[in-house]
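Reader: I would like to go through this model by question and answer. Please show the sequence and the coordinates before we start.

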Amino acid sequence: MKRRITLLMASVMLAAISSSAVMASEGIDAIIVADENESVPVESEETDEEISEEEKYEILIEAVEEISEDEPAAVQEAEDVPATIAESGTCGDNLKWTLKDEVITVSGTGAMYDYVPTLAGIPEEVTPWKEALFIEETGENLTVSAVIEDGVTSIGTSAFEECSVEAITIADSVISIGSRAFAMCAIKSIELPQKLTAIEGWTFAYSDSLKEITIPSGVKSVGANAFFGCSGLTDVYYEGTAAQWAAVTISSEGNSALLNATIHCQSSSETVQTSLAAGKISGLTNVAKGIKIKWSAVNNADGYYIYRKTASGSYKKIKTITSASTVSYTDKKVVDKNGTTYTYKVVPYSGSGEGTGSEKTTVRLTGTALTSVKNSAAGKAKVKWTAVSSVTGYQIEYSASSSFASSKTKTVSGATKKSKTLTGLTKGTTYYVRIRTYKTVNGTKYYSAWSSKQKVTITK
């Protein structure tokens, strides 16, 4: 498990600095962190000038990063030990979470747990899905979306901090969002729940992917550093009038990104009309029956229009979704269009009014099927499949787990290829194998659905 440097750690250190008048006058000699007997000197000249909160924060981030870059070899070796990663669990007294099809879903009733650090500086308990998102083979995090279902009343402190969550849907039952809940997050756009009344300090800090946010008119205050380091923020959609926005108490500390963004307010005459945020597609996936489209729910929508076009064509409406809570649809009319590029957009509507939608492109790919998997020689298995035209190649996945945990993959280039020998397999172990096709278009790989799995026991 790779060690993470969190904003959570820095904020605890920052609190310690703020509470000590001695540090302001004599400099910060050392900061003690969770590693035993490890300290990081932070040099500063003696001064009577007050250090601002942002300067303290930058000092701490640099100090903590030095720790990460100079870890003992023993720690690095420990990181290479595989961990058992859960894909479901609890995150509140009456809440559970699941990770399936690249979507984190939190369901149940009541408040989410807060995930806070110890005084040593490193969290004793990080959010459970953070480990589930880490891909050990690549050293990267799985990019996902998240859904907070109706019944959940809060999003805990640091709930999605440093998580590769690009899109999130939050039910209006949520009335509070904890500090640092989306700090250093990959989220690009977010629509806050209607019952929210305050945006806590550090909530979106260092989320430089965040480009737009929708804020309900019930929000009355924005805490210090709530949008600190959100350099990508360009548009704020406020669901109230300009006069109401002017009445919101916004801390000037660390919120320049929010204050410098374009604020879109309703005019007085618009307040009686329904405001719709833009429809955003969270995923396009090839499945056996076609292309599955997923999107984020939009508040105040009655439903959604789904549009599709080919690379050279114009948009055509292919489906009207009449339920605002429905957030997926499978386009079955493209099932036999192997190798064809399609672009989709999902547009919310309310009454006779229609919003806007962002585009997302994919390539329809037909999958293949395994014809045999046999233990061909010592430590080897020969995999055979049916060739498929109009593809770039095939990806084989194999694992000792039927759920493909800790799996390995092999890529085979060429549409006409029909077999591949897997090597380095362990005698006495049963392996599960599956395959899918892929096509590369303009440097991007698009994949088909996975085939049914087959298993082989290595007896040689």
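**Cavities, sheets and buried residues**

Author: The second largest cavity holds about 30 Å³ of space. The model is a predicted one.

Reader: How many cavities of 30 Å³ or more does a search of the whole structure find?

Author: The search covers the whole structure, with a lower limit of 30 Å³. The second largest cavity has a volume of about 30 Å³. The number of cavities found is two.

Reader: How do the lining residues of the second largest cavity divide into nonpolar, polar and charged?

Author: The lining consists of Ile 177, Leu 192, Leu 196, Ala 198, Ile 199, Glu 200, Thr 203 and Phe 204. Glu counts as charged, and Ala, Leu, Ile and Phe count as nonpolar. The division is six nonpolar, one polar and one charged.

Reader: Which strands stand at the edges of the open sheet with the order 12-14-16-18?

Author: Four strands make up this sheet, and their pairing is parallel. Each edge strand has a single partner strand, so one side of it has no neighbour in the sheet. The edge strands are strand 12 (189–191) and strand 18 (262–266).

Reader: By how many degrees are neighbouring strands of that sheet turned against each other on average?

Author: The sheet in question has the strand order 12-14-16-18. With direction ignored, the average turn between neighbouring strands is 15°.

Reader: Which residue of strand 18 is the bridge partner of Tyr 237?

Author: Strand 16 spans residues 235–241, and four bridges join it to strand 18. These two strands run parallel. The partner of Tyr 237 in strand 18 is His 264.

Reader: Which strands are at the edges of the open sheet of five strands, and what is its average twist?

Author: This sheet has the order 3-4-5-8-10 and mixed pairing. Strand 3 (88–92) and strand 10 (165–170) each have a single partner strand, so they stand at the edges with one side left without a neighbour in the sheet. From one strand to the next, the twist averages 20°.

Reader: Which residues stand opposite Val 106 in strand 4 and in strand 8?

Author: Strand 4 (residues 95–100) pairs with strand 5 in the antiparallel sense over six bridges. Strand 5 (residues 103–108) pairs with strand 8 (residues 144–148) in the parallel sense over four bridges. Opposite Val 106 stands Trp 97, and its bridge partner in strand 8 is Ile 148.

Reader: Which residue takes a positive phi in the hairpin of strand 4 and strand 5?

Author: This hairpin has two residues between its strands. The phi in question is near 55°, and the residue is Asp 101.

Reader: Is Ser 145 buried or exposed?

Author: Ser 145 lies in strand 8. Beyond its neighbours within four places in sequence, Ser 145 is in contact with residues including Val 103, Ile 104 and Ser 282. Buried means under 20% relative accessible area. Ser 145 has a relative accessibility of 11%, so it counts as buried.

Reader: What is the C-alpha to C-alpha distance between Val 346 and Ser 296?

Author: Val 346 is placed in strand 24 (residues 341–350), and at 1% relative accessibility it counts as buried. Leaving aside neighbours within four places in sequence, its contacts include Trp 295, Tyr 304 and Gly 357. Val 346 and Ser 296 are 50 residues apart in sequence, and the distance in space is 9.4 Å.

Terms used:
Residues numbered from 1 in each chain as written. Predicted model: local features only at pLDDT ≥ 70, side-chain atom pairs only at ≥ 80, totals over all residues. Heavy atoms only, no water. 1 Å grid on protein atoms, 1.4 Å probe; cavity = no way out; pocket = protein on both sides within 12 Å on 5 of 7 lines; lining within 4 Å. Points joined across faces, edges and corners; volume = space filled by probe spheres on them. Pairing = 2+ DSSP bridges. Axes fitted to C-alpha atoms, helices over the stretch in contact; angles between N-to-C directions. Buried < 20%, exposed > 50% of the residue type's maximum accessible area, 1.4 Å probe, protein only. Contact = heavy atoms within 4.5 Å.
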